[in-house]
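Colleague: I have a structure open and some questions about it. Can you take me through them?

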Amino acid sequence: MILASTLTTNLAILVLAGFIGFVVISKVPNTLHTPLMSGTNAIHGIVLLGGLLVIGLAGNGTFNKVILVIAIAFGTINVVGGFLVTDRMLEMFKSKPKAAAKGAEGKAAEGASGEGKEEAP
């Protein structure tokens, strides 16, 4: 009886957490996506640390260690990929240096006017 009650409670918590998470995430504006993603990656890094601790404390079960190594590998890919995506998104908001922008405009003007082009014989 206690097992069924615990299972029902845990299942209810899982369903409610999933529903609340979906509602909260669907209300987030696009401008807050990058900061939230960075925070989530930091939290996932803590989860990876926990996985490393669990694998260190695991018994002699080979199956458990294999599953933990796979989980740590996928978690690492998620963290690294998330930070790379966040970095690329933040690069979009950086202003370009003025010297490089003037140089690019000058080259574009040269190309449009036909100056500086050499014709092949």
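Colleague: How many helices and how many strands are there in the protein chain?

Modeller: Bear in mind that this is a predicted model. Read along the sequence, the pattern is α-α-α-α. The count for the protein chain is therefore 4 helices and 0 strands.

Colleague: Where is confidence lowest in the protein chain, and where is it highest?

Modeller: The protein chain averages a pLDDT of 75, and 76% of the residues score at least 70. The lowest confidence falls in helix H4, residues 98-113, at a mean of 57. The highest, at 85, belongs to helix H1, residues 2-26.

Colleague: How far apart are the end C-alpha atoms of helix H3, against the span it should have?

Modeller: Helix H3 runs over residues 62-91, which is 30 residues. At 1.5 Å a residue, H3 should span 44 Å. The prediction agrees with that, because the end C-alpha atoms are 43 Å apart.

Colleague: Which residues of H3 are buried?

Modeller: Buried means under 20% relative accessible area. Buried residues make up 9% of the 121 residues in the protein chain. In H3, the buried ones are Leu68, Ile72, Gly75, Val79, Gly82 and Thr86.

Colleague: Phe83 is also in helix H3. Which residues is Phe83 in contact with, leaving aside its neighbours within four places in sequence?

Modeller: Phe83 has 41% relative accessibility, so it counts as partly exposed. Its C-alpha atom is separated by 7.0 Å from that of Asn41, 42 residues apart along the chain. Beyond those sequence neighbours, Phe83 is in contact with Ser38, Asn41 and Ala42.

Colleague: What share of the contacts with a separation of 6 or more comes from residues 24 or more positions apart?

Modeller: Phe83 and Asn41 are one such pair, being in contact and 42 residues apart. For the protein chain, the share is 64%.

Colleague: Which residues make the nonpolar surface patch of about 730 Å²?

Modeller: The protein chain exposes about 10300 Å², and carbon and sulfur atoms supply 72% of it. One patch member, Val23, is in helix H1. Val23 counts as partly exposed because its relative accessibility is 31%. The patch is made by Leu16, Phe19, Ile20, Phe22, Val23, Val24 and Ile25.

Definitions and conventions. Residues numbered from 1 in each chain as written. Predicted model: local features only at pLDDT ≥ 70, side-chain atom pairs only at ≥ 80, totals over all residues. Heavy atoms only, no water. pLDDT = per-residue confidence, 0-100. Helix = DSSP H or I, 4+ residues; strand = E, 2+ residues; numbered from the N terminus. Expected span 1.5 Å × (residues − 1). Buried < 20%, exposed > 50% of the residue type's maximum accessible area, 1.4 Å probe, protein only. Contact = heavy atoms within 4.5 Å. Areas by Shrake-Rupley, 256 points an atom, 1.4 Å probe, with all protein chains shown as cover. Patch = residues over 30% accessible without salt bridge, like charges linked within 9 Å, V, L, I, M, F, W, Y side chains within 5 Å. Salt bridge = Lys/Arg side-chain N within 4 Å of Asp/Glu carboxyl O.
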